[in-house]
Amino acid sequence: MLKIENLHVSVENRPILKGLTLEVHPGEVHAIMGPNGAGKSTLAAVLAGREGYEVEEGTVTLDGKNLLEMPPEDRSYAGLFLAFQYPVEIPGVSMVQFLRAALNAHRAAQGKDPIEVSDLMKLLREKAALLKLDPAFLTRSVNEGFSGGERKRAEIFQLAVLEPRVAILDETDSGLDIDALRLVADAVNALRHPERAFVVITHYYRILQYIRPDKVHILADGRIVRSGGPELALELEEKGYESLLARV
Amino acid sequence: MSHAPTPEEALTQHLSTEYKWGFEVELEEELAPKGLSEEVIEYIWRKKQEPPFMLDFRMRAFRAWKEMQEPHWLNAHYEPIDYQEAYYYAAPKSMAEKAPRSLDEVDPEIRRIFDRLGIPLEEQAILAGVAVDAVLDSVSVATTYKERLAKMGIIFCSMSEALQNYPDLVRKYLGTVVPYNDNFFAALNSAVFSDGSFVYVPKGVRCPIELSTYFRINARKTGQFERTLIIADEGAYVSYLEGCTAPKRSEHQLHAAVVELIALPNSYIKYSTIQNWYPGDKQGRGGILNFVTKRGIAHENARISWTQMEAGSAITWKYPSVILKGDNSIGEFYSVAITNNRQQADTGTKMIHIGKNTRSRIVSKGISAGSSQNTYRGLVQVMPNAENARNFSQCDSLLMGSSCGAHTFPYIEVKNPTAIVEHEATTSKIGEDILFYCSQRGIPRQEAVELIIGGYCQEVLANLPLEFAVEARKLLSISLEGSVG
């Protein structure tokens with residue numbers, strides 16, 4: 001489904017990703033772990049199409065479509081979702097307004113009419129209930145005054161509404177206490193689906209105790225240096241990056 | 001990957017769509033002799049068959065005006081105006097002989113103008129609940145809903161009619177909030193004003209519908225000098241809206257209006273404006289000089305709320321103000337001022353706290369793009385007897401691009417130690433990170449900019465009556481079509 005081949009990316013002429021290859025199939029959960037500076041957030045940004053990242057070499061396809069040629073919104077329509085590490089605040093714009101704009105843009109891309117307001121509200125309430133979110137947050141401005149945990153859950157809520165093919169979670173666990181982490185992980189687990197894949201980018205093993213990955217990859221110096229099953233994450237937790245990478 | 005426009009480009013595209021209200025209709029107009037003199041003022045007074053006290057009012061204003069200097073202290077530039085080159089009274093000929101008594105008598109050409117503007121003159125079309133008074137050049141074309149309101153004792157008519165039918169009421173209040181010699185443009189207006197709206201809501205009556213006036217300048221080389229007077233008697237409530245457009249012209253046209261609000265004890269006047277006068281072209285040629293004096297007086301426990309969305313005009317220069325005379329009175333000012341190309345806006349408010357426990361709230365949102373200049377200027381004054389006065393002011397500026405300017409001049413004068421006055425101000429740009437966030441969710445850049453600006457103005461737009469809030473949002477995002485980069 002998501003296919004990354006020999007991806008080389010530089011930022012301000014500094015190479016960050018140096019030949020990354022990864023294939024993700026429907027229904028799978030992949031964890032990408034790595035030390036600081038390995039290129040984890042660069043991978044998330046370049047997949048979503050953020051400006052300032054130069055693709056030097058390689059291909060990325062989603063369901064056979066070349067993602068790298070698309071502007072960010074088309075990648076979104078193609079089914080790519082990025083849960084941001086630092087979700088931004090949009091003052092004065094409620095979650096309802098924001099998701100209506102997003103959903104209608106997706107519908108327009110599929111040649112569909114805008115969603116009726118009553119259907120929208122029904123959908124949003126259903127998804128909020130699924131993720132055990134207080135529906136009051138729908139009328140609050142996007143991320144404004146949200147705690148770290150609320151922001152991350154709001155990201156997962158948007159994921160639930162937009163129903164992507166593949167969701168990238170960029171350090172969704174960072175800055176969360178254990179209770180908030182559990183809530184976010186429960187929300188993600190509620191959205192696992194045979195037709196949907198997750199790529200969980202993280203520094204720590206912790207989140208993988210709650211979101212069980214099918215595959216674990218270790219990203220170091222711009223490349224995937226080891227891949228394995230869930231046991232690899234545990235090994236990493238016990239030995240640390242340094243000793244593990246020393247053996248590579 | 002295709003090039004995504006920067007926020008500045010997106011907004012510039014978004015704002016640079018053609019002024020859609022700029023069409024011109026040839027109407028045969030009856031004009032006063034060119035220029036300004038005591039004869040012209042008498043001509044206007046006679047044409048309008050006004051009561052004798054009005055000739056005196058106009059003459060005193062004219063004589064005061066002659067002694068005054070055209071002010072240029074605003075943070076904007078305009079060439080001195082040749083007042084002898086303009087016409088001070090223009091009326092479509094079909095209206096000049098006698099005003100139409102019913103909608104059926106309105107000249108079809110004039111009706112077409114308002115139809116093109118989307119302003120329904122038919123009562124059936126406005127069952128939605130907005131009573132409309134439409135002012136074309138100098139005369140009022142039609143006031144709908146009049147009879148229904150009259151049953152409740154509410155008077156909503158043109159100023160000309162009010163002077164004919166309720167001269168004592170007009171005489172009692174006209175010039176009491178904005179004196180005839182208040183300032184240069186108010187004096188000019190007092191001397192030559194031709195029409196405008198008059199509202200009186202009797203004691204304890206809550207006006208059940210929005211009252212609305214639509215102003216349109218059509219004739220060339222005329223100024224528009226409308227005069228609006230709104231009186232809410234004790235315990236009354238009224239919500240009043242005004243909208244404005246004008247044809248495109250290569251020369252400046254002067255619009256010098258005066259609005260006076262009188263909120264008697266326990267009453268509430270809510271006054272909303274969507275100002276979309278022709279702003280001039282990209283090089284700054286033409287456009288309306290919108291030099292307006294708006295002021296209200298709030299008696300005991302009364303409340304006056306100004307909400308404005310200033311989108312048009314070459315220069316906007318106005319400070320809708322509240323004199324908080326009565327104890328426990330409330331004054332509010334909510335403003336969005338958006339400028340682009342060479343537009344200049346110098347706007348804000350004055351809150352004069354005289355009574356005890358008076359409260360005022362100011363929320364100003366400026367959006368500047370292109371080479372425009374956008375200034376907030378405000379005065380909060382707490383007089384010695386205004387025990388426990390409170391003010392909160394929030395002045396935000398949003399800059400689109402690097403060649404525009406945003407300025408804030410808050411003046412605060414406190415003469416009572418129990419007062420609490422708070423002022424907050426911010427200046428910002430639309431961040432690339434917010435736009436990227438929106439685009440990741442599939443929201444196209446253009447729409448994202450509109451969404452963000454709508455959010456930025458939310459607190460002000462939320463104060464507009466629903467019918468106008470929709471129009472205001474449309475005006476903010478005037479060009480959904482064909483503007484996506």
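**Exercise 1.** Which strands of chain B each supply at least two residues of the lining of the largest cavity?

*Solution.* The model is predicted; local features require pLDDT of at least 70, side-chain atom pairs count only at pLDDT 80 or more, and totals for chains, interfaces and linings use all residues. Residues are numbered from 1 along each chain as its sequence is written, chains are lettered from A and ligands numbered from 1 in the order in which they are written, and side-chain values use heavy atoms, without hydrogens and water.

Step 1. A cavity is a set of points, on a 1 Å grid over the protein atoms alone, where a 1.4 Å probe fits but cannot get out; lining residues have an atom within 4 Å of a point. Three cavities of 30 Å³ or more are counted, and the largest has a volume of about 100 Å³ (the space filled by probe spheres set on the points, which are joined across faces, edges and corners).

Step 2. Of its 17 lining residues, the closest to the centre are B:S364, B:G366, B:N374, B:Y376 and B:D396.

Step 3. The strands sought are strand 17 (330-339), strand 19 (359-368), strand 20 (373-382), strand 21 (390-399) and strand 22 (405-414) of chain B, strands being DSSP runs of E with at least two residues and helices runs of H or I with at least four, numbered from the N terminus. Strand 19 of chain B gives the largest share, five residues.

**Exercise 2.** State which strand of chain B gives the most to the lining of the second largest cavity.

*Solution.* Step 1. This cavity has a volume of about 60 Å³. Among its 13 lining residues, B:E242, B:H255, B:N290, B:V292 and B:K294 are the closest to its centre.

Step 2. Strand 9 (237-245), strand 12 (268-275) and strand 13 (287-298) of chain B give two or more residues. Strand 13 gives the most, with three residues.

**Exercise 3.** Describe the salt bridge between A:K40 and A:E171.

*Solution.* Step 1. A salt bridge is a side-chain nitrogen of Lys or Arg within 4 Å of a carboxyl oxygen of Asp or Glu; here the N to O distance is 3.8 Å.

Step 2. A:K40 lies in helix 1 (residues 40-48) and A:E171 in the loop between strand 9 (166-170) and helix 6 (178-190) of chain A, so the pair ties together parts that are 131 residues apart in sequence.

Step 3. A:K40 is buried at 4% relative accessible area, and A:E171 is buried at 13% (buried is under 20%, exposed over 50%, partly exposed in between; 1.4 Å probe, protein chains only).

Notes
1 Å grid on protein atoms, 1.4 Å probe; cavity = no way out; pocket = protein on both sides within 12 Å on 5 of 7 lines; lining within 4 Å.
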